[in-house]
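Let's take a walk through this one together, beginning in a loop and working towards the middle. Keep the 3D view open as you read.

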Amino acid sequence: MTSYTKRVLVAGGAGFIGGNFLLRFVRQYPDYYFICVDVLNYASNYETLRPLERFENYKFIKMDLSEDTEQLLQLTGNYGITDIINFAAESSVDRSFLSPTFFTKNNILATQNLLECHRTSPEQIQTFIHISTDEVYGDEVVRASEKSPLNPTNPYSATKAAVDLIINAYTKSYKLPITVLRPNNIYGPGQYPEKLIPLTIECGETNRPVPIHGNGKNERRYLYISDFLDAVDITWHRSDCAGETYNVGGDVEHEGSIANNELVSLINDVFGCSVDIEYVKDRNYNDLDYSMDTEKLRKLGWRQKVTLHEGLTAIKKLK
Ligand SMILES: NC(=O)c1ccc[n+]([C@@H]2O[C@H](COP(=O)([O-])OP(=O)(O)OC[C@H]3O[C@@H](n4cnc5c(N)ncnc54)[C@H](O)[C@@H]3O)[C@@H](O)[C@H]2O)c1
């Protein structure tokens with residue numbers, strides 16, 4: 001263990017983004033030791049991580065981060081964790097309307113327990129990266145900057161905004177250099193089919209219509225998983241990113257946002273299927289669009305490399 005240059009706790013690593021993170025970086029950084037900690041909820045996709053079990057620098061531990069505080073503190077001590085990358089959260093807006101209290105408890109305590117590990121071992125744990133979301137800004141702002149006020153509109157995004165504020169307090173109170181990333185919608189292989197892209201693809205495979213909320217005109221911006229992981233990699237390895245917040249967004253000038261019903265048409269084109277839309281009752285509140293200024297991240301050299309068309313084509317090739 002002592003020969004590893006970093007010992008990285010990947011919280012929520014069995015989910016969509018965390019799983020792709022591990023599949024890439026366990027191989028890319030053989031001198032880092034990765035521990036995936038996940039409760040394994042309905043959205044987890046542990047099977048995609050099976051190929052990593054033969055790697056010596058990878059381990060999985062099942063744990064509820066919102067409950068098992070003592071066990072978590074012991075784990076970070078016993079394994080000499082140096083870096084925490086936090087993907088753990090209940091991530092479905094629709095489910096959050098049905099179980100708002102569970103979302104609050106789970107999402108806030110899971111992250112705050114990780115923050116407690118950082119607070120109590122600030123010399124051992126030097127890096128903490130937290131994955132937030134563009135949804136913390138709400139939909140009433142044009143080109144939100146990292147300094148824009150937080151204005152969440154649904155129970156899920158409220159928990160994400162609350163965590164961002166708790167991180168702000170830990171950064172100020174305990175001088176902890178926590179990095180926060182706020183991405184647009186991310187898509188790619190291994191995503192649970194409740195988000196629109198994997199759901200539409202699954203509907204195409206099973207000849208079902210895809211349910212779309214309201215009139216389908218709500219707009220979203222999308223980023224392919226590899227572009228997001230590039231942003232994690234850059235901010236993880238640059239010392240000047242410690243303690244900073246970054247918007248991570250699709251290239252607005254180049255590609256902009258796409259309405260939900262147009263996205264279904266695009267998926268039909270790329271996958272050669274003909275999924276019909278079944279318009280269903282709108283969400284309690286359905287944000288119209290999320291628009292962010294991503295200049296701060298671009299100044300570090302990050303660029304969106306994969307267009308939506310290319311990303312969908314890449315998923316099709318992996319099928
Ligand atoms: N996918 C997106 O489009 C998107 C966009 C912006 C931000 N995010 C954020 O990125 C992060 C990862 O998103 P995702 O799409 O991979 O989500 P996901 O739902 O696929 O995965 C989340 C993982 O976290 C785990 N988890 C949840 N609560 C836990 C707990 N108490 N203890 C241990 N593990 C727990 C789940 O079991 C799951 O494996 C989330 O924080 C989400 O809010 C996602």
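Start with Leu40, which sits in the loop between strand E2 (32-38) and strand E3 (58-62). Its phi is near 60 degrees, a positive value in a residue that isn't glycine. Leu40 counts as partly exposed, because 14 other C-beta atoms lie within 10 Å of its own, and the cut-off for buried is 20 or more. Bear in mind that you're looking at a predicted model.

Arg143 makes a good companion to look at next. You'll find Arg143 in the loop between strand E5 (127-131) and helix H5 (155-174). Here too phi is positive, at about 50 degrees, although Arg143 is not a glycine. Arg143 is partly exposed, with 14 other C-beta atoms within 10 Å.

Now for a loop residue with another kind of setting. Phe87 is in the loop between strand E4 (83-86) and helix H3 (93-98). Is Phe87 buried or exposed? Phe87 has 24 other C-beta atoms within 10 Å, so it is buried. Leaving out neighbours within four places in sequence, the contacts of Phe87 are Ala11, Gly12, Gly13, Gly15, Ile17, Gly18 and Ile131. Sequence distance can fool you here: Phe87 and Val10 are 77 residues apart along the chain, yet their C-alpha atoms are 7.3 Å apart in space.

Val10 also takes us to the core. In soluble globular proteins, nonpolar side chains tend to be buried together. The largest nonpolar core in this model has 65 residues, and Val10, Ala11, Phe34, Cys36 and Ile84 touch the most other members. Helix H1 provides the largest share of this core, six residues. There is also a second, separate core of seven residues, including Val136, Tyr137, Ala144 and Ala158. Back at Ile84, and not counting residues up to four places away in sequence, the residues touched are Leu9, Ala11, Leu114, Cys117, His118, Ile125 and Phe128.

What about the ligand? It is surrounded by 29 residues, of which Gly12, Gly15, Ile17, Ser44 and Ala89 are the closest. Gly12, Gly15 and Ile17 may look familiar, since they were among the contacts of Phe87. Helix H1 (16-28), helix H4 (100-120) and strand E7 each supply at least two residues of the shell, and H1 gives the most, with three. By type, the shell divides into 15 nonpolar, 10 polar and four charged residues.

Strand E7 turns up again around helix H6. H6 covers residues 196-206, and its buried residues are Leu196, Ile197, Leu199, Thr200, Ile201 and Cys203. What covers them includes strand E7 (185-187), strand E8 (210-213), helix H8 (260-271) and helix H10 (308-318). Just after H6, Asn207 takes a positive phi of about 55 degrees.

Finally, zoom out. The protein chain has 10 helices and 13 strands, and 42% of its 319 residues are buried. A compact globule of 319 residues would have a radius of gyration near 20 Å, and the chain's 19 Å agrees with that. Of the contacts with a separation of 6 or more, 82% are between residues 24 or more positions apart.

How far can you trust the picture? The chain averages a pLDDT of 96, and 98% of the residues score at least 70. Among the elements, strand E1 (residues 6-11) has the highest mean pLDDT, 99, and strand E9 (residues 219-220) the lowest, 90.

Methods. Residues are numbered from 1 along each chain as its sequence is written. This is a predicted model: local features need pLDDT of at least 70, side-chain atom pairs count only at pLDDT 80 or more; totals for chains, interfaces and linings use all residues. A residue is buried if 20 or more other C-beta atoms lie within 10 Å of its own, exposed if 12 or fewer, and partly exposed in between; C-beta atoms are placed from the backbone. Helices (H or I, at least four residues) and strands (E, at least two) are DSSP runs, numbered from the N terminus. Two residues are in contact if their C-beta atoms, placed from the backbone, lie within 7 Å. A residue is near a molecule or strand if its C-beta atom, placed from the backbone, lies within 6 Å of it. Ala, Val, Leu, Ile, Met, Phe, Trp, Tyr, Cys and Pro count as nonpolar, Asp, Glu, Lys and Arg as charged, and the others, Gly among them, as polar. The radius of gyration is taken over C-alpha atoms; the globule rule is 2.2 Å times the number of residues to the power 0.38. pLDDT is the predictor's confidence in each residue, from 0 to 100. A nonpolar core is a set of buried Ala, Val, Leu, Ile, Met, Phe, Trp, Tyr and Cys residues joined through C-beta atoms within 7 Å.
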